[in-house]
Amino acid sequence: MAVYTPGQVVEETGFSLDTLRYYERIGLLEPVGRNAAGQRRFSEDDVSWLGMIRCLRDTGMPIAEMLRFAQLVRQGEHTVEDRIALLDEHDRKVEAQIADLRQKQGGIQRKIQYYKDVLTMRDMLPDCEQAS
């Protein structure tokens, strides 16, 4: 099984070293193994888990909910229904955010079109009217 240095994990996940330490301290990431010299060495499972945490974080899941999800995962297979419920609720929130962004994007697109129309109208004016 491959092992990763903290620098490799930073590069792979995009999390800073401080964030990795914080996640380990609060229990979002299980204690990371160490080599004989006491240096942290991350497993493939650690990196995979951090990928899931990245997804949840990037979609706006609060740390408290991520911690709840981690707790459920660690409790075993009997928590699968609870995990589904937690992720379903988060998915609904993400869908609402996407809908809100689409609505706001529509406003931006309408403003872009307005300004393009202004330019088109300006270009259509005779030269003598543009000077005033």
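Here is a short tour of the aromatic contacts and a few other features in this structure, which is a predicted model.

**The annotated stretch**

The unreviewed UniProt entry lists residues 3–72 as "domain: HTH merR-type". Over that range, the chain is 61% helix and 11% strand. Its end C-alpha atoms are 25 Å apart.

**Rings that pair up**

The count of aromatic pairs comes to four. Take Tyr22 and Tyr23: their ring planes are at 45° and their centres 6.0 Å apart, so this pair is tilted. The two neighbours differ in how they meet the surface. Tyr22 is partly exposed, because its relative accessibility is 31%, while Tyr23 comes in at 3% and so counts as buried, the cut-off being under 20%. Both also belong to a cluster, in which ring pairs link them with Phe15.

Then there's Trp49 with Phe69. Here the planes sit at just 5° and the centres are 5.8 Å apart, so the pair counts as stacked. Trp49 is in helix H3 (residues 44–58) and Phe69 in helix H4 (residues 63–75), so the contact ties together parts that are 20 residues apart in sequence. Trp49 and Phe69 are both buried.

**Charges over rings**

Phe15 turns up again here, with the charged end of Arg54 over its ring. Another such contact has Lys111 over the face of Tyr114. Side by side, they look like this:

| Charged residue | Ring | Distance to ring centre |
|---|---|---|
| Arg54 | Phe15 | 4.1 Å |
| Lys111 | Tyr114 | 5.1 Å |

**Out on helix H5**

Tyr114 has a second role to note: along with Tyr115 and Val118, it makes a nonpolar surface patch of about 310 Å². Tyr115 is found in helix H5, which covers residues 80–124. Is Tyr115 buried or partly exposed? Its relative accessible area is 47%, so it counts as partly exposed.

**Back to helix H3**

Val47 is another residue of helix H3. With a relative accessibility of 13%, Val47 falls under the 20% cut-off and therefore counts as buried. How far apart are Val47 and Gly106 in space? From C-alpha to C-alpha they are 38 Å apart, with their positions 59 residues apart in sequence.

Methods:
Residues numbered from 1 in each chain as written. Predicted model: local features only at pLDDT ≥ 70, side-chain atom pairs only at ≥ 80, totals over all residues. Heavy atoms only, no water. UniProt positions renumbered as here; feature names shortened; annotations may be inferred. Helix = DSSP H or I, 4+ residues; strand = E, 2+ residues; numbered from the N terminus. Patch = residues over 30% accessible without salt bridge, like charges linked within 9 Å, V, L, I, M, F, W, Y side chains within 5 Å. Areas by Shrake-Rupley, 256 points an atom, 1.4 Å probe, with all protein chains shown as cover. Salt bridge = Lys/Arg side-chain N within 4 Å of Asp/Glu carboxyl O. Buried < 20%, exposed > 50% of the residue type's maximum accessible area, 1.4 Å probe, protein only. Phe/Tyr/Trp six-rings, centres within 6.5 Å; stacked < 30°, edge-to-face > 60°. Lys NZ or Arg CZ within 6 Å of the ring centre and 35° of its normal.
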